[in-house]
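Biologist: I would like to go through a protein model piece by piece. Please keep the answers short and show how you reach them.

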Amino acid sequence: MKEIKRNILLNPGPATTTDSVKLAQACPDICPREQEFGDLMEYCATEITRFVGNPNEYTTVLFGGSGTATVEAILNSVIPDTGKVLIIDNGAYGKRMCQITSVYKIPTVVFESSSIEPIDLNALEALIESTDGLTHLAMIHHETTTGLLNDITSVGEICKRHNVSFIVDSMSGFAAIPVDMKAMNIDYLAASSNKNIQGMAGIGFAICNKATLETTASIPMRSLYLNLYAQYVYFEKTHQTRFTPPVQTFYALKQAIVETLEETIEGRYARYTKSWETLIAGLDALGLEYLIDKKYHSKIITSIIEPKVDAYNFNEMHDYFFEKGFTIYPGKVNNYDTFRISNIGQIDYTDIEAFLKVLKSYLVQINYLNN
Ligand SMILES: Cc1ncc(COP(=O)(O)O)c(C=O)c1O
């Protein structure tokens with residue numbers, strides 16, 4: 001077998017994977033309607049559920065598609081025309097939720113919040129209290145735009161007090177930052193196969209409180225493909241997705257789950273945290289600043305303020321790194337010139353040390369630092 005080149009992906013997913021996850025995709029051809037494949041999807045769904053809840057009370061609905069497909073499936077499937085959703089917008093992914101509900105013409109109230117400071121919970125609760133007919137609240141767990149970790153525990157308590165169903169997009173938190181759906185009062189959690197779970201891109205997971213999901217049976221379908229309840233019912237009966245699943249990606253996902261179970265979520269977050277601490281210490285030593293205060297930081301992605309020198313150019317810096325096997329990522333925040341470094345995937349602090357050496361040589365080359 002040809003050796004697989006190891007690239008160090010410092011973008012926030014798809015992440016660097018193990019060779020065993022990559023090689024799991026090279027498997028005998030199989031019709032996904034065979035029981036063997038249904039059993040594999042059932043294993044994946046159950047283990048994904050188990051990471052955040054008890055499979056007797058929670059269930060994972062699988063979709064072929066990227067993470068956005070799953071967020072779209074949840075939002076278009078669970079809020080009736082008579083309902084109303086409050087979306088917390090403190091970054092690009094909160095905004096995307098607003099775009100989705102706008103496309104489906106779902107009644108929406110937006111709570112805009114700073115992209116770098118924590119959510120003002122009193123102001124949020126006041127808006128909830130003054131909004132007639134509010135049935136749902138949707139927010140991002142970890143805003144990948146900035147690295148800001150949102151306080152879903154406190155928002156979950158507020159939702160419970162006001163009898164509002166709670167939807168969380170944990171795309172870049174799931175499988176690293178521990179979540180307990182029951183304790184946090186979360187009804188629906190969106191995640192995908194290619195971030196902290198360290199699998200390949202192409203599968204989205206909507207992890208749902210079964211009892212709450214069952215109350216959505218009577219909501220008329222707004223989308224044929226991305227309907228949560230229809231896929232849930234079909235999978236319960238058949239262990240099949242309604243439409244063709246990404247077969248080889250599922251084999252990789254199974255292997256990624258096995259490796260996550262071996263490392264444990266806590267162990268994985270500890271590894272990511274060590275990489276992040278290495279990154280932050282290195283940035284401090286190089287005199288570079290980052291956006292989010294350590295207290296509110298996810299320790300998963302860091303938005304770094306771009307060096308203010310004429311010779312700096314993100315695309316050139318990207319190419320400089322890319323040639324050396326590192327993929328870095330542009331910024332995505334209004335009002336701040338940043339680039340982003342993520343420390344997820346099968347990398348560790350030694351890879352971050354290697355990245356920092358290359359960063360230093362780039363900064364010397366553009367005359368930001370002296371030799
Ligand atoms: C918080 C969050 N939500 C949604 C998405 C969208 O996922 P995808 O690009 O897989 O559609 C991302 C992607 O980075 C994300 O970080």
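Biologist: Let us start with one residue. In which loop is Gln198 found?

Modeller: This is a predicted model: local features need pLDDT of at least 70, side-chain atom pairs count only at pLDDT 80 or more, and totals for chains, interfaces and linings use all residues. Residues are numbered from 1 along each chain as its sequence is written, and side-chain values use heavy atoms, leaving out hydrogens and water. Helices (H or I, at least four residues) and strands (E, at least two) are DSSP runs, numbered from the N terminus. On that basis, Gln198 is found in the loop between E9 and E10.

Biologist: Is Gln198 buried or exposed?

Modeller: Buried means under 20% relative accessible area, exposed over 50%, and partly exposed in between (1.4 Å probe, protein chains only). Gln198 has a relative accessible area of 3%, so Gln198 is buried.

Biologist: What is the phi of Gln198?

Modeller: The sign is worth a look. Gln198 is not a glycine, yet its phi is positive, at about 70°.

Biologist: Which residue does UniProt list as a modified residue?

Modeller: The unreviewed entry gives the feature as "modified residue: N6-(pyridoxal phosphate)lysine". UniProt positions are in the numbering used here, feature names are shortened, and annotations may be inferred rather than shown by experiment. The residue listed in that entry is Lys195.

Biologist: What is the relative accessible area of Lys195?

Modeller: Lys195 lies in the loop between strand E9 (188-192) and strand E10 (203-209). Lys195 is buried because its relative accessible area is 13%.

Biologist: Which residues is Lys195 in contact with?

Modeller: Contact means heavy atoms within 4.5 Å. Neighbours within four places in sequence are left aside. The residues in contact with Lys195 are then Pro12, Gly13, Ala15, Met171, Ser172 and Ile344.

Biologist: Gly13 also has a special bond. Which residue does a cis peptide bond join to Gly13?

Modeller: The omega of this bond is about -10°. The partner sits in the loop between strand E1 (8-9) and helix H1 (19-24). The residue joined to Gly13 is Pro14.

Biologist: Now the ligand. Which residues are around it?

Modeller: A residue counts if one of its heavy atoms lies within 4 Å of the molecule. Those around the ligand are Ser66, Gly67, Thr68, Tyr93, Arg96, Ile140, His142, Thr144, Asp169, Met171 and Lys195.

Biologist: Which residue has a side-chain N or O atom 2.6 Å from a nitrogen atom of the ligand?

Modeller: Two side chains face ligand oxygen atoms instead: Ser66 has an N or O atom at 2.6 Å, and Tyr93 has one at 3.3 Å. For the ligand nitrogen atom, the residue is Asp169.

Biologist: How much of the ligand's accessible area does the protein cover?

Modeller: Accessible areas come from the Shrake-Rupley method with a 1.4 Å probe; for residues, only the protein chains shown count as cover. On its own, the ligand has 390 Å² of accessible area. The share covered by the protein is 86%.

Biologist: How far apart in space are Gly38 and His239?

Modeller: Gly38 lies in helix H2 (residues 35-52) and touches Pro32, His239 and Gln240, not counting residues up to four places away in sequence. Gly38 and His239 are 201 residues apart in sequence. From C-alpha to C-alpha, the distance in space is 4.9 Å.

Biologist: Why is strand E2 largely enclosed by the rest of the structure?

Modeller: Strand E2 covers residues 58-64. E2 is largely enclosed because the number of its seven residues that are buried is six.

Biologist: Which residue in E10 stands opposite Val61?

Modeller: Two strands pair if DSSP finds at least two bridges between them. E2 and E10 pair in the antiparallel sense over seven bridges. Opposite Val61 stands Ala206.

Biologist: What is the order of the open sheet of three strands?

Modeller: The pairing in this sheet is antiparallel. Its edge strands, each pairing on one side only, are strand E11 (301-305) and strand E13 (329-330). E11 pairs with strand E14 (residues 338-342) over five bridges. The order is E11-E14-E13.

Conventions: Polar contact = N/O pair within 3.5 Å; in protein donor to acceptor, adjacent residues only side chain to side chain.
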